[in-house]
Amino acid sequence: MLLTLAVLLTVAGLLWRAATSLPAWWAPPDASSDQVQRTGRAVEDGLSSLLTQPRSTDAPRWAMTLKQADAQAWLATRLQAWWMHRTDADRWPKAVRAVQVHFRPGEVELCVALSGAAVESVSLLLSPRVDEAGALWLTATGARVGRLPVPLGAVLGSDSTLRGPLAGLLGVTSGRPPELASALAGLGGSEPVAAPARMLLPDGRRVTLEGVQALEGRLDLTLRTGEAE
């Protein structure tokens with residue numbers, strides 16, 4: 001009896017420790033660092049430059065790589081301003097301490113570190129792909145509380161709404177842009193995030209995402225720039 005109780009208490013302790021620990025890969029950059037600030041801005045500027053760059057009609061397809069370190073810098077320094085601009089929120093959600101991503105083969109882990117909660121963080125495991133019809137899918141395949149795997153339903157509802165502590169990431173319900181609502185719905189896997197995965201440039205050209213591949217420490221994208229219509 002005592003041995004059984006000792007085993008149960010040990011297992012409970014290990015589970016609690018896993019649930020209240022940040023992921024092993026968690027190492028957010030110092031957002032106050034000038035270098036990190038420059039990197040975060042460079043990610044935005046570089047993406048804008050690549051998207052709008054003149055392309056030869058003979059070679060419209062091109063590729064880009066988003067390194068994990070660059071994504072971390074953008075999230076640490078630019079995410080809050082982007083979020084409040086896109087949602088018309090007047091402040092960043094108090095429950096969200098930081099947001100980071102981890103790229104590994106076939107999967108992107110989106111981790112939200114929390115403040116004032118019983119757990120340190122909540123993560124969604126996402127599988128990105130572009131299908132044959134050109135639609136972008138970003139399907140949630142799993143979830144974690146701290147380092148502890150949990151059922152996906154504990155974090156993402158059947159109606160593709162966030163549950164539990166992660167719901168604090170959507171600190172506002174009004175003013176949510178249509179593309180954000182669509183992306184959230186797409187996490188459930190019932191519909192793509194974008195179909196087709198395409199954006200219109202100011203000069204009338206269209207940039208289409210043709211492929212996305214998550215690898216260790218980076219995200220590789222294949223795109224095509226079409227002529228102005």
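How many bridges join β2 to β3? Eight do, and the two strands run antiparallel. That pairing belongs to a predicted model, in which the protein has five helices and nine strands. Here is a friendly tour, starting with the overall picture and then moving through the two sheets and the helices.

**The protein as a whole**
- Reading from the N terminus, the elements follow the pattern α-α-β-α-α-β-β-β-β-β-α-β-β-β.
- Of the 229 residues in the protein, 40% are buried.
- The accessible surface amounts to about 12700 Å², and carbon and sulfur atoms hold 57% of that area.
- Among contacts with a separation of 6 or more, 56% link residues that are 24 or more positions apart.

**The five-stranded sheet**
- Five strands form an open sheet in the order β2-β3-β4-β5-β6, with antiparallel pairing.
- Its edges are β2 (96–104) and β6 (148–150); each has a single partner strand, so one side of each has no neighbour in the sheet.
- On average, neighbouring strands here are turned by 30 degrees against each other, direction ignored.
- Where β2 meets β3, R104 sits opposite E107 of β3.
- The hairpin of β2 and β3 has two residues between the strands, and G106 in this hairpin adopts a positive phi near 80 degrees.
- Strand β3 covers residues 107–114 and is mostly covered, with seven of its eight residues buried.
- On to the next pair: six bridges connect β3 with β4 (residues 121–130) in the antiparallel sense, and A113 is found opposite S121 in β4.
- At the β6 edge, β5 (residues 136–145) pairs with β6 over three bridges, again in the antiparallel sense.
- In that pairing, A143 faces V150 of β6.

**The four-stranded sheet**
- A second open sheet contains four strands in the order β1-β9-β8-β7, and the pairing is antiparallel.
- Why does one side of β1 and of β7 lack a neighbour in the sheet? Both β1 (61–67) and β7 (198–200) stand at the edges with a single partner strand each, so one side of each is left free of a neighbour there.
- Neighbouring strands of this sheet are turned by 30 degrees on average against each other, with direction ignored.
- The partner of β1 is β9 (residues 218–226): seven bridges join the two, which run antiparallel.
- One of the residue pairs in this region is K67 with its bridge partner R218 in β9.

**Helices lying across the four-stranded sheet**
- Helix α2 (residues 34–52) lies across β1, β7 and β8 (206–215), and runs at about 175 degrees to β1.
- Helix α3 (residues 68–77) lies across β1 and β9, at about 70 degrees to β1.

**How α2 and α3 meet**
- Two packed helices are described by the distance between their axes and the angle between them.
- For α2 and α3, the axes come within 8 Å and cross at roughly 105 degrees.
- The two helices are therefore roughly perpendicular to each other, as angles of 65 to 115 degrees count as such.
- On the α2 side, the contact is made by V36, Q37, T39, G40, V43 and E44.
- On the α3 side, D70, A73, W74 and T77 take part.
- By type, the residues of this contact divide into four nonpolar, four polar and two charged.

Methods: Residues numbered from 1 in each chain as written. Predicted model: local features only at pLDDT ≥ 70, side-chain atom pairs only at ≥ 80, totals over all residues. Heavy atoms only, no water. Pairing = 2+ DSSP bridges. Axes fitted to C-alpha atoms, helices over the stretch in contact; angles between N-to-C directions. Contact = heavy atoms within 4.5 Å. Parallel < 35°, antiparallel > 145°, perpendicular 65-115°, else oblique. Nonpolar A, V, L, I, M, F, W, Y, C, P; charged D, E, K, R; others polar. Buried < 20%, exposed > 50% of the residue type's maximum accessible area, 1.4 Å probe, protein only. Areas by Shrake-Rupley, 256 points an atom, 1.4 Å probe, with all protein chains shown as cover.
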